[in-house]
Amino acid sequence: MMNTSFEKRIQICFRLLLVLALCLTVTACSRNEATVEQSGQFMEIIGTPDEQHMMYNPTTEPPTEEPTIATLGTNCIGLTEKDLPEDAKVMYLTFDDGPSSNTPKILDILDRYGCGATFFVMKSDYEDQYKNIVDHGHSIALHTYSHDFEDVYESTDNYFADLERISNVVFDKTGVRSKLIRFPGGSSNTRSRSICEGIMTELVDEVEERGYAYFDWNADSEDASGNNIPSSRILEASTSYTQNKIVLLLHDTNQKDTTVEALPHIIEHYIDQGYYFLSLNENSPTAHHGVLN
Ligand SMILES: [Zn+2]
């Protein structure tokens, strides 16, 4: 009897030891070091799975703050003023006379900052850029095919024949039938007076009767005031405006490298001022100058 009881105690002790050994093994395993890849960086995590969860890189947690105007302002492609807070400050970047060899560079910059923009296009050797503009989410608008003042301002018939020509080019290349236009020289141009007096007075009414919306500008980058205007001057001129809705005149031609150089700085200035960057549509501010002929 004594031997049997002793054996039983030995067996119980042995089982207890086994259970203890098992517990120690499980604990040791769960405390093994783990390495995870996070945000392109390896970080070492030590602890139990629960502890590891607590220690998980806190910078990856979603932001709890409401998005600010500045952060929203950098992601505007496809938005309209209806999507924005009331009285939001809006910058309409408008590029005339393209497309050109500089169009892809301009599109890259707009992509980088998430800015919508508008391109008033004419005839071009860079035919694939019409669709590129649309594919990047911007408004494509009409500036006449020839941009030849002597021809387009000779008569209303000439103007509309030329407008139809660029309209068809844009439609063929992009599938967009644009109703947004900008007159060469703007609606206030006086060069047309010597070609056909009174033609601007007729055209501004007739384009609207035909369903077009015409746009001028209320801010000038001065990038067309000469050749190779220094980017510092373009930046200074472009950032001198403070009105709530800015329609900024810029140019997209092969020669306008300094406009491309200034563009990121112009955008950053207005992001800092809380502006959104939208493309023009039929309901956008027209910034009409008033007709002088
Ligand atoms: Zn022009």
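**Exercise 1.** Determine which residues Met91 touches, not counting residues up to four places away in sequence.

*Solution.* Contact requires C-beta atoms, placed from the backbone, within 7 Å. On this criterion Met91 touches Ile246, Leu248, Tyr270, Tyr275 and Phe277. The model is a predicted one, in which local features need pLDDT of at least 70, side-chain atom pairs count only at pLDDT 80 or more, and totals for chains, interfaces and linings use all residues. Residue numbers start from 1 along each chain as its sequence is written.

**Exercise 2.** Identify the residues of the largest nonpolar core that touch the most other members.

*Solution.* A nonpolar core is a set of buried Ala, Val, Leu, Ile, Met, Phe, Trp, Tyr and Cys residues joined through C-beta atoms within 7 Å; buried means that 20 or more other C-beta atoms lie within 10 Å of the residue's own. The largest such core has 58 residues, and Met91, Tyr92, Leu93, Val121, Leu142 and Leu248 touch the most other members. Helix α11 (residues 257–272) supplies the largest share of this core, 6 residues. Helices are DSSP runs of H or I with at least four residues, numbered from the N terminus.

**Exercise 3.** Classify Glu208 as buried or exposed.

*Solution.* Glu208 belongs to helix α9 (residues 199–209). The exposed class admits 12 or fewer C-beta neighbours within 10 Å. Glu208 has 11 C-beta neighbours inside 10 Å and therefore counts as exposed. Its C-alpha atom is separated by 9.6 Å from that of Lys179, 29 residues apart along the chain.

Methods
Helix = DSSP H or I, 4+ residues; strand = E, 2+ residues; numbered from the N terminus. Contact = placed C-beta atoms within 7 Å.
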